[in-house]
Amino acid sequence: MRVQDIAPEHWQTAGVGDGLLEPEFLAAEGSAEAERLQNMLGYERQIWQGGAQLAAGLDEVGRGPVAGPVVTAAVIWRPGLLLAGVNDSKKLSAKKRCALEPLIKRAAVAWAIGAVGVREIDRYNILQATKMAMLRAVSRLPLKPQHLLLDALRLANMPLPPLLVWQNLAQYARLPQTALIKGDAKSMSIAAASILAKCHRDRMMQVYDEIYPGYDLAQNAGYPTPAHKRAVWALGRSPIHRSSFVLRPIKGE
């Protein structure tokens, strides 16, 4: 089966964590790292104290690329667990993200990955596709969250395609939710979601790179680098390139 024939939902996955992490992975009590992480749990703590124990943080990766899917993750964080190093994925090296990914999956109460592919991105636009991917992630969580924490976006009142598969997810868009500007730097669960989404999408792009050589997708992750643009202009767009995205000229060329 060719990769472009595999629906994005086949990439989706979910799981639960047991919270059992070795002490060396946890922030030392009284340390600056522990204080930083406690601050990142501030919004979750407010939600927990309000009676909702299952707060899910959501984040996405893949809004800016000209190729590949948009991928989102949802993470229900475990109260009181301070996994050292969790931060906005953009502030972490690839090596650090890969090291944290399995630890986050163990630390979390529950986690899930959602994705929306190129066809739907081109049909509905990237913002709508991002929200649809978030609904997919939330719906796949093994435990239904009681509150959503999102990085700047809101899912409430979002339009959904009339297809039954999407209308069935409308209930998740109506969950209580809080949108935080730069939430991946302010919320532990959003930061954890940003790491899971980034690691997962990077693996997807490595697979696509093997199927569609010449674009260096494993390195550029589908973002419009100068080398990637030149490859598209020379080879044409592959089946995972977004036809609705414009490739702007390279400055100076």
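## Close-up views

**View 1. Ala227 and Ala234 are exposed and sit on the face of helix 10 that turns away from its buried side.** "Buried" here is under 20% relative accessible area, "exposed" is over 50%, and "partly exposed" is whatever falls in between, using a 1.4 Å probe and protein chains only. Helices (H or I, at least four residues) and strands (E, at least two) are DSSP runs, numbered from the N terminus. Bear in mind that you're looking at a predicted model, where local features need pLDDT of at least 70 and side-chain atom pairs count only at pLDDT 80 or more, while totals for chains, interfaces and linings use all residues. Numbering starts from 1 along each chain as its sequence is written, and side-chain values use heavy atoms, with hydrogens and water left out. On the covered side of helix 10 you'll find His228, Lys229, Ala231 and Val232, which are buried. Looking down the axis of helix 10, these buried residues fall within an arc of 160 degrees (that of the directions from the helix axis to the C-beta atoms), so they line one face of the helix. They pack against helix 9 (217-220), with contact meaning heavy atoms within 4.5 Å.

**View 2. Just past helix 10, the chain reaches Gly236 and then Pro239.** Gly236 follows helix 10 and has a positive phi, near 85 degrees. Pro239 is in the segment after helix 10 (226-235). Buried or partly exposed? Pro239 counts as partly exposed, because its relative accessibility is 44%. Look for Tyr212 as well: 27 residues separate Pro239 and Tyr212 in sequence, and 8.8 Å separates them in space, C-alpha to C-alpha.

**View 3. Six strands make an open sheet with mixed pairing, in the order 1-4-3-2-5-6.** The edges go to strand 1 (13-16) and strand 6 (177-180); each has a single partner strand, so one side of each has no neighbour in the sheet. From one strand to the next, the twist averages 20 degrees; the axes behind that angle are lines fitted to C-alpha atoms (for helices, over the stretch in contact), and angles run from 0 to 180 degrees between N-to-C directions. Two strands pair if DSSP finds at least two bridges between them. At one edge, strand 1 runs antiparallel to strand 4 (residues 110-116), and four bridges join them. To pick out one of those bridges, find Thr13 and its partner Ile113 in strand 4.

**View 4. Strand 5 (residues 147-151) is mostly covered, with five of its five residues buried.** His147, Leu149 and Asp151 point one way from the strand, whereas Leu148 and Leu150 point the other way, and all are buried. Strand 5 pairs in the parallel sense with strand 2 (residues 55-61) over four bridges. It also pairs in the parallel sense with strand 6, again over four bridges. Leu149 is a handy landmark: it is the bridge partner of Gly57, and it stands opposite Thr178 in strand 6.

**View 5. Ala152 and Asp216 each have a positive phi without being glycine.** The phi of Ala152 is near 75 degrees, and this residue lies in the loop between strand 5 and helix 6 (164-167). Ala152 is partly exposed, at 43% relative accessible area. For Asp216, phi is near 60 degrees. Asp216 belongs to the loop between helix 8 (188-211) and helix 9, and it counts as partly exposed at 40% relative accessibility.

**View 6. Ile104, in helix 3 (residues 94-107), is buried.** How much relative accessible area does Ile104 have? The value is 0%. Setting aside neighbours within four places in sequence, Ile104 is in contact with Trp77, Leu83, Val86, Ala192, Ile195 and Leu196. The C-alpha atoms of Ile104 and Ala192 are 6.6 Å apart in space, although the two residues are 88 apart in sequence.

**View 7. Zoomed back out, the protein chain has ten helices and six strands.** Its C-alpha atoms fill a box of roughly 55 × 40 × 35 Å along the principal axes. A compact globule of 253 residues would have a radius of gyration near 18 Å, and the chain's 18 Å agrees; that radius is taken over C-alpha atoms, and the globule rule is 2.2 Å times the number of residues to the power 0.38. Of the 253 residues, 55% count as buried.
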